[in-house]
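Reader: Hello! I am new to this structure and would love a close look at one part of it, followed by a walk through its surroundings.

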Amino acid sequence: MHLKGEGVEKEEADIIKDEVLVASPPASVSPILASDTPAAQRETPKTSVTCRNQSKSRSKLGKDEKNTCTKQDSVPALQGTIVASNANSGKPVNRKNNEQQMLQIKGTGKILQGKTETNGNTVPIHPPEDIKVGPHNKEDANKVAKRRKPVTVDTFKAKTSLEALKLSIRQLKWKEFPVGRRSACDIYWHGVSFHDNDNIISGQVNKFPGMIEMLRKINLTRAVRTMQELFPEEYNFYPRSWILPEEYQLFSTQISLAKDSDVSQKPTFIIKPDGGSQGDGIYLIRDPGDLRVIAGSHNKQSVVQEYIHKPLLIDKLKFDIRLYVLVKSLEPLEIYIAKEGLSRFCTEPYQEPSQKNLSHVFMHLTNYSLNVQSGNFVHSDSLSSGSKRTFSSVLYRLASKGVDIKKVWSDIISLVIKTVIALVPELKVYYQADIPPGKPGPTCFQILGFDILLMKNLKPVLLEVNANPSMRIEHEQEVSPGVFEYVPSPVDEEVKVGVIRDTLRLMDPAQRKSLTSYPEHQQEEMLGSPVRGTGEEGRVLPSMCLKQVFPKYTKQFSYLRIVERITALFLRFLGVKGNMRLGPTGFRTFIRNCKLSNSHFSMATVDILYIDITRRWASMLPDSREAGMGLQAFVEAFFYLAQRRFKSLPLREQVVSLLEVCEAQLENQGRGDPGGALPEDSTSTRRSVSCSRTQPGRTQHPHHMSTSAPGQALSAPQLCSPATPRRASSQDYRLHQRLRPTHKGNVEN
């Protein structure tokens, strides 16, 4: 990766390596120390969850049907209030022993004098070095803790994550509302989307508006492609992809030319349905001709990607990594990565793809939902064996062979941050559409599932990102022919309960307020350091399993956020709050206010550009309900304007230069209305509108239009003869009607 041209890859690797998420290999290569994990604390991991009626045979259950499970080694009952260890003896608090005083806490995630109490156990309190703690401060803290009400969590729509969520809430000593609540809850845990519950006007929801749409295969590909245009070397972790059916001819032509130039090339491609999940509909091909059956059909939109034919193998098996990433907020952008993940193995020894083995899904596809159906799938109670293992166990194997696992983690962190940065621009558009500025609404956070493949050279490759990663902590097991039971999965519980629990800890409303008064490094210490107990309940408790990577590494990645600056312009000129499409008037306003038109680039040309790009994107998005220019179309128009004005520069420098021009013009206009109100008087506005009339119709692609001289300054719009306000208004309305593309009705999947 290159930061502003040079020297970035080494600098980034050095900085990230300083705080790598992995322990030293001799102790454990797990990002969380082995002794810190819940599984290590249990004597018998396979009995970590005891399911009621487990011995009762029954027919196979549906996906969402499950037994009620309780933790066998549940946390001992604790006091309902904070009690000093010497309180019962009636002795006064010894001031000299303040720092070592032991407190007994009910609940988790409460901040008291600089530390986080975890899992309701006896915890030593160590205040930050620069905070003086006296007896009166401890008394005040005790009173606050006594008065504090438990955090409330609405789990009514939690669906498949319910069991792990229940365990997490129980460990935190929070209050669950399994059937909803009339009054507002602090946190709403949805199973599918932001809209699972309607009319939530406060609290926090574990889904972002638009995240499901953004993480469909096609939209993710388009978002990454935009970044690849600007930063081709930084975004080379995503396989070369084509969108079907619209790019079928391009795909077929490019592959034919490649084969003609090098006969030895025998590439393989993997086809992924746009809305597919759990491996449904995925297959491999070696010839573009096999795709002809779906050419021209919008009902079978897919992404075709180059197949990674040299993956890293362990035990001769191909595997991928499921990492959990928390996007805590969009503004400011906050990203956390779980220090532990899952490694999911194929169930058939890997061979490079050939025409004979393309259909062997157990060899080529790592999806758990597919391989679990194989007779070779191994359910193991061990965290380091079987068809599903912890990622740390894989890192340990690699470290034993001399692999630099710190470099592996550094590359994965970089991949995650860059991917989220690519998603953020359009997520902001969705967010303001559902929760416009000034409108009551909840704040949002979300856990994403990143599927990553390690190549033979240890380079990580992004396969896809899941908006709703599975959080099940049990699996179905056939105990007799046709009879299935739900059995606890120690590996899933090890990883997923920690991710949910610590996500809740980070979103604790009281804790978030408490942490804001401390510097960032103290916040991380208070949340993330391991806490030890003593005595009967003394044991090593897990540290935070979520590690902040952004804004922590802002300096290394902030230069990638160019498209977010373009999005800020787009949102400024949308006009109507909650809208997601820019109309022709808003686009002209953008051109005028940023002074991008002149005698060589008239407002008539602006209208032609708007028509051409908007209609083309409307044909690519047949399910779009709204007319107008979406963000992706606006970004394309912005790139065209940048290339037109700054011909002699590389694309990235062209875009940045035009951004600086636009931002400077808007700043000079006195920071006009965010909704896109015009700073010009109404007369001049009407005149410029009346001058820009043009007959819509089929036009050439904007990239083929005439351009101005390199570096030529664009002056203010040229005004023609005055026109009456009524005539201008009427023409503006007629033009808007002509420019509106028609769309088919949309049916959600």
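Where is S489 found?

Author: Happy to show you around! Please keep in mind that this is a predicted model. S489 lies in a loop, with strand β25 (483–488) on one side and helix α12 (490–507) on the other. S489 is buried, because its relative accessible area is 8%, and the cut-off for buried is under 20%. The side chain of S489 has a partner: it makes a polar contact of 2.8 Å with the side chain of D492. If we set aside residues up to four places away in sequence, S489 touches I473, E474 and H475.

Now let us step back to the whole chain. The protein chain holds 749 residues, and 53% of them are buried. Its secondary structure comprises 22 helices and 26 strands. Taking contacts between residues at least 6 apart in sequence, 71% join residues at least 24 apart.

The cores come next. The largest nonpolar core has 108 residues, and the members that touch the most others are F450, F587, F590 and V655. Helix α11 (residues 405–434) gives the most to this core, 16 residues in total. Two domains take part: domain 1 (148–237 + 328–339 + 381–513 + 541–560) and domain 2 (561–668) each supply at least three residues to this core. For a closer view, try V655. Leaving out neighbours within four places in sequence, V655 is in contact with L230, I562, I566, F638, F639 and A642. There is also a second, separate core of 31 residues, and among its members are A158, A338, I473 and V495. You have met I473 already, as one of the residues that S489 touches.

L230, a contact of V655, leads us to helix α6. Helix α6 (residues 217–230) has 14 residues and reaches 21 Å from its first C-alpha to its last, close to the 20 Å expected at 1.5 Å a residue. Of those 14 residues, 11 are buried, so α6 is largely enclosed by the rest of the structure. The buried ones are K217, I218, N219, L220, T221, R222, A223, V224, T226, M227 and L230.

Some of these names return when we look at V303, in strand β15 (residues 302–306). V303 is buried, with a relative accessible area of 1%. Not counting residues up to four places away in sequence, V303 touches K217, I218 and T221, and also S241, W242, I270, I271 and K272. The C-alpha atoms of V303 and P273 are separated by 6.4 Å, while the two residues are 30 residues apart along the chain.

Helix α4 is worth a visit too. Eight of the 11 residues of α4 (residues 162–172) are buried, so this helix is largely enclosed by the rest of the structure. Those buried residues are E163, A164, L165, L167, S168, I169, Q171 and L172. After α4 comes K173, with a positive phi near 60 degrees.

Let us finish with charged pairs. A search of the whole structure finds 24 salt bridges. One of them joins K166 and E176, whose closest N and O atoms are 2.8 Å apart. K166 sits in helix α4 and E176 in strand β9 (residues 175–177), with their positions 10 residues apart in the chain. K166 counts as partly exposed at 22% relative accessibility, and E176 counts as partly exposed at 22% as well.

E564 makes another such pair, this time with K428, and here the closest N and O atoms are 3.0 Å apart. This pair links distant parts of the chain, since E564 belongs to helix α16 (residues 562–572) and K428 to helix α11, 136 residues apart. E564 is buried, with a relative accessible area of 9%, and K428 counts as buried at 17%. E564 also forms a salt bridge with R561, with the closest N and O atoms 2.7 Å apart. Finally, D320, R322, R344 and D451 are linked in a network of salt bridges.

Technical notes: Residues numbered from 1 in each chain as written. Predicted model: local features only at pLDDT ≥ 70, side-chain atom pairs only at ≥ 80, totals over all residues. Heavy atoms only, no water. Buried < 20%, exposed > 50% of the residue type's maximum accessible area, 1.4 Å probe, protein only. Helix = DSSP H or I, 4+ residues; strand = E, 2+ residues; numbered from the N terminus. Expected span 1.5 Å × (residues − 1). Core = buried A, V, L, I, M, F, W, Y, C linked by side-chain atoms within 4.5 Å. Domains from an automatic or database assignment. Contact = heavy atoms within 4.5 Å. Polar contact = N/O pair within 3.5 Å; in protein donor to acceptor, adjacent residues only side chain to side chain. Salt bridge = Lys/Arg side-chain N within 4 Å of Asp/Glu carboxyl O.
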